[in-house]
Amino acid sequence: MNETLLKKNWWIRNLKWVIPLSLLMICIAFFFSMTGNATFRYGSVYLQPKLVNEAYDMASKNEMVTQKLGELSPYNFLRLIEGDVMYSNNDNVVDVTINLLGSKKKGKLDIVAHRNGKDWEYQKIIIRIKKPKKETIKIFEKK
(Lines give C-alpha, C1' and ligand atoms only; values in the text may rest on other atoms or scores of the structure.)
Protein backbone atom coordinates (compact mmCIF):
# COMPACT_ATOMS: atom_id res chain seq x y z
CA MET A 1 0.00 0.00 0.00
CA ASN A 2 2.85 2.41 0.77
CA GLU A 3 4.21 1.84 -2.74
CA THR A 4 0.96 3.13 -4.23
CA LEU A 5 1.19 6.33 -2.18
CA LEU A 6 4.76 6.91 -3.28
CA LYS A 7 3.90 6.33 -6.94
CA LYS A 8 1.05 8.88 -6.98
CA ASN A 9 1.43 11.85 -9.26
CA TRP A 10 2.74 15.08 -7.68
CA TRP A 11 -0.46 16.93 -8.71
CA ILE A 12 -2.66 14.39 -6.95
CA ARG A 13 -0.55 14.41 -3.79
CA ASN A 14 -0.65 18.22 -3.59
CA LEU A 15 -4.15 18.86 -4.91
CA LYS A 16 -5.48 20.10 -1.56
CA TRP A 17 -3.31 23.24 -1.68
CA VAL A 18 -2.71 23.62 -5.44
CA ILE A 19 -6.38 24.32 -6.27
CA PRO A 20 -6.95 27.03 -3.60
CA LEU A 21 -3.62 28.68 -4.44
CA SER A 22 -4.45 28.65 -8.16
CA LEU A 23 -7.86 30.20 -7.51
CA LEU A 24 -6.27 32.88 -5.35
CA MET A 25 -3.74 33.73 -8.08
CA ILE A 26 -6.53 33.97 -10.67
CA CYS A 27 -8.49 36.33 -8.40
CA ILE A 28 -5.43 38.53 -7.83
CA ALA A 29 -4.70 38.68 -11.56
CA PHE A 30 -8.33 39.58 -12.28
CA PHE A 31 -8.29 42.32 -9.61
CA PHE A 32 -5.16 43.97 -11.01
CA SER A 33 -6.39 43.70 -14.60
CA MET A 34 -9.65 45.44 -13.64
CA THR A 35 -8.14 48.20 -11.51
CA GLY A 36 -5.12 48.89 -13.69
CA ASN A 37 -2.60 51.07 -11.89
CA ALA A 38 -5.23 52.53 -9.52
CA THR A 39 -4.18 50.11 -6.80
CA PHE A 40 -0.62 51.36 -6.99
CA ARG A 41 -1.68 55.04 -7.04
CA TYR A 42 -3.79 54.69 -3.90
CA GLY A 43 -1.20 52.50 -2.25
CA SER A 44 1.59 54.98 -2.89
CA VAL A 45 -0.40 57.78 -1.24
CA TYR A 46 -1.23 55.48 1.65
CA LEU A 47 2.46 54.68 2.05
CA GLN A 48 3.15 58.42 2.34
CA PRO A 49 0.69 59.33 5.09
CA LYS A 50 2.38 62.65 5.85
CA LEU A 51 1.04 64.05 2.55
CA VAL A 52 -2.61 63.55 3.49
CA ASN A 53 -2.35 63.74 7.29
CA GLU A 54 -0.84 67.24 7.37
CA ALA A 55 -3.48 68.59 4.96
CA TYR A 56 -6.23 66.87 6.95
CA ASP A 57 -4.91 68.39 10.20
CA MET A 58 -4.81 71.85 8.63
CA ALA A 59 -8.40 71.44 7.44
CA SER A 60 -9.68 70.13 10.77
CA LYS A 61 -8.17 73.14 12.60
CA ASN A 62 -9.68 75.66 10.18
CA GLU A 63 -12.47 77.67 11.83
CA MET A 64 -14.56 77.95 8.64
CA VAL A 65 -14.40 74.16 8.09
CA THR A 66 -15.51 73.52 11.67
CA GLN A 67 -18.34 76.02 11.26
CA LYS A 68 -19.61 74.52 7.97
CA LEU A 69 -18.87 70.79 8.35
CA GLY A 70 -18.64 70.42 12.10
CA GLU A 71 -15.99 68.28 13.74
CA LEU A 72 -14.30 66.06 11.15
CA SER A 73 -14.30 62.33 11.80
CA PRO A 74 -10.87 60.67 11.61
CA TYR A 75 -9.39 60.08 8.16
CA ASN A 76 -8.80 56.47 7.10
CA PHE A 77 -7.68 54.54 4.04
CA LEU A 78 -11.26 53.74 2.98
CA ARG A 79 -11.97 57.44 2.52
CA LEU A 80 -8.95 57.62 0.24
CA ILE A 81 -10.27 54.72 -1.87
CA GLU A 82 -13.62 56.50 -2.21
CA GLY A 83 -11.78 59.58 -3.48
CA ASP A 84 -9.30 59.97 -6.30
CA VAL A 85 -5.52 60.07 -6.76
CA MET A 86 -3.84 61.32 -9.92
CA TYR A 87 -0.14 61.66 -10.57
CA SER A 88 1.38 63.76 -13.34
CA ASN A 89 4.73 65.19 -14.43
CA ASN A 90 6.61 61.89 -13.96
CA ASP A 91 4.94 61.31 -10.56
CA ASN A 92 6.23 64.64 -9.23
CA VAL A 93 2.78 66.22 -8.96
CA VAL A 94 -0.10 64.60 -7.11
CA ASP A 95 -3.75 65.61 -7.03
CA VAL A 96 -5.65 63.86 -4.22
CA THR A 97 -9.35 64.07 -3.40
CA ILE A 98 -10.61 62.60 -0.12
CA ASN A 99 -14.16 62.39 1.15
CA LEU A 100 -14.65 64.14 4.47
CA LEU A 101 -17.32 63.37 7.00
CA GLY A 102 -18.15 66.12 9.45
CA SER A 103 -20.62 66.07 12.33
CA LYS A 104 -22.86 68.45 10.31
CA LYS A 105 -22.13 67.80 6.62
CA LYS A 106 -19.97 65.96 4.13
CA GLY A 107 -17.33 67.51 1.94
CA LYS A 108 -14.27 66.79 -0.17
CA LEU A 109 -10.67 67.63 0.62
CA ASP A 110 -8.63 68.45 -2.50
CA ILE A 111 -4.85 68.46 -2.25
CA VAL A 112 -2.39 69.46 -4.98
CA ALA A 113 1.26 68.93 -4.10
CA HIS A 114 4.63 68.88 -5.86
CA ARG A 115 7.45 66.55 -4.91
CA ASN A 116 10.46 68.36 -3.48
CA GLY A 117 13.08 65.64 -3.10
CA LYS A 118 11.48 63.05 -0.82
CA ASP A 119 8.95 65.49 0.65
CA TRP A 120 5.79 66.98 -0.77
CA GLU A 121 5.23 70.73 -1.01
CA TYR A 122 1.59 71.79 -0.98
CA GLN A 123 0.37 73.99 -3.81
CA LYS A 124 -3.29 74.03 -2.88
CA ILE A 125 -5.55 72.59 -0.19
CA ILE A 126 -9.28 73.28 -0.47
CA ILE A 127 -12.54 71.89 0.88
CA ARG A 128 -15.54 71.53 -1.43
CA ILE A 129 -19.07 71.39 -0.07
CA LYS A 130 -22.03 70.60 -2.37
CA LYS A 131 -25.14 70.92 -0.20
CA PRO A 132 -27.14 73.01 0.34
CA LYS A 133 -25.14 75.15 -2.10
CA LYS A 134 -21.75 74.71 -3.71
CA GLU A 135 -19.01 76.24 -1.58
CA THR A 136 -15.23 76.21 -1.51
CA ILE A 137 -13.08 76.85 1.54
CA LYS A 138 -9.42 77.65 0.86
CA ILE A 139 -7.18 76.09 3.49
CA PHE A 140 -3.88 76.83 1.74
CA GLU A 141 -2.81 78.18 -1.63
CA LYS A 142 0.75 78.88 -2.68
CA LYS A 143 1.17 82.10 -4.57
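This report describes a buried strand residue, a nonpolar surface patch and several salt bridges in a predicted model.

## A buried residue in strand β1

Val85 has its place in strand β1, which covers residues 84-88. With a relative accessibility of 0%, Val85 counts as buried, because buried is the word for residues under 20% relative accessible area. From Val85 to Ile98 the separation is 13 residues in sequence, while their C-alpha atoms lie 8.7 Å apart in space.

## A nonpolar patch on the surface

Elsewhere in the model, a nonpolar patch of about 850 Å² on the surface is made by Trp10, Trp11, Ile12, Trp17, Leu21, Leu24, Met25 and Ile28. Two elements each give two or more residues to this patch, namely α2 (10-13) and α3 (15-35). The largest share comes from α3, which supplies five residues.

One member of the patch can be looked at more carefully: Trp11 is found in helix α2, and its relative accessible area of 52% makes Trp11 exposed, because that term applies over 50%.

## Salt bridges between distant parts of the chain

The count of salt bridges in the model comes to four. In one of them, the side chains of Lys68 and Glu135 meet with a distance of 3.2 Å from N to O. Lys68 lies in helix α6 (residues 63-69) and Glu135 lies in strand β5 (residues 135-141), so this pair ties together parts of the chain that are 67 residues apart in sequence. As for their surroundings, Lys68 is partly exposed, with a relative accessible area of 25%, whereas Glu135 is buried, at 17%.

Another salt bridge joins the side chains of Arg128 and Asp110, with 2.4 Å from N to O. This pair also links distant parts of the chain, since Arg128 belongs to strand β4 (residues 119-129) and Asp110 to strand β3 (residues 106-116), and the two residues are 18 apart. Arg128 is partly exposed, with a relative accessible area of 33%, but Asp110 is buried, with a value of 12%.

## A salt bridge between Glu141 and Lys138

A further salt bridge is formed by Glu141 with Lys138, and the closest N and O atoms of this pair are 3.0 Å apart. How exposed is Glu141, to judge by its relative accessibility? At 36%, Glu141 counts as partly exposed, while Lys138, at 57% relative accessibility, counts as exposed. The two residues carry separate labels because partly exposed ends where exposed begins, at 50% relative accessible area.

Note on methods. Residues are numbered from 1 along each chain as its sequence is written. This is a predicted model: local features need pLDDT of at least 70, side-chain atom pairs count only at pLDDT 80 or more; totals for chains, interfaces and linings use all residues. Side-chain values use heavy atoms; hydrogens and water are left out. Helices (H or I, at least four residues) and strands (E, at least two) are DSSP runs, numbered from the N terminus. Buried means under 20% relative accessible area, exposed over 50%, partly exposed in between (1.4 Å probe, protein chains only). Patches are made of residues with over 30% relative accessible area and no salt bridge: like charges are joined within 9 Å, nonpolar side chains (Val, Leu, Ile, Met, Phe, Trp, Tyr) within 5 Å. Accessible areas come from the Shrake-Rupley method with a 1.4 Å probe; for residues, only the protein chains shown count as cover.
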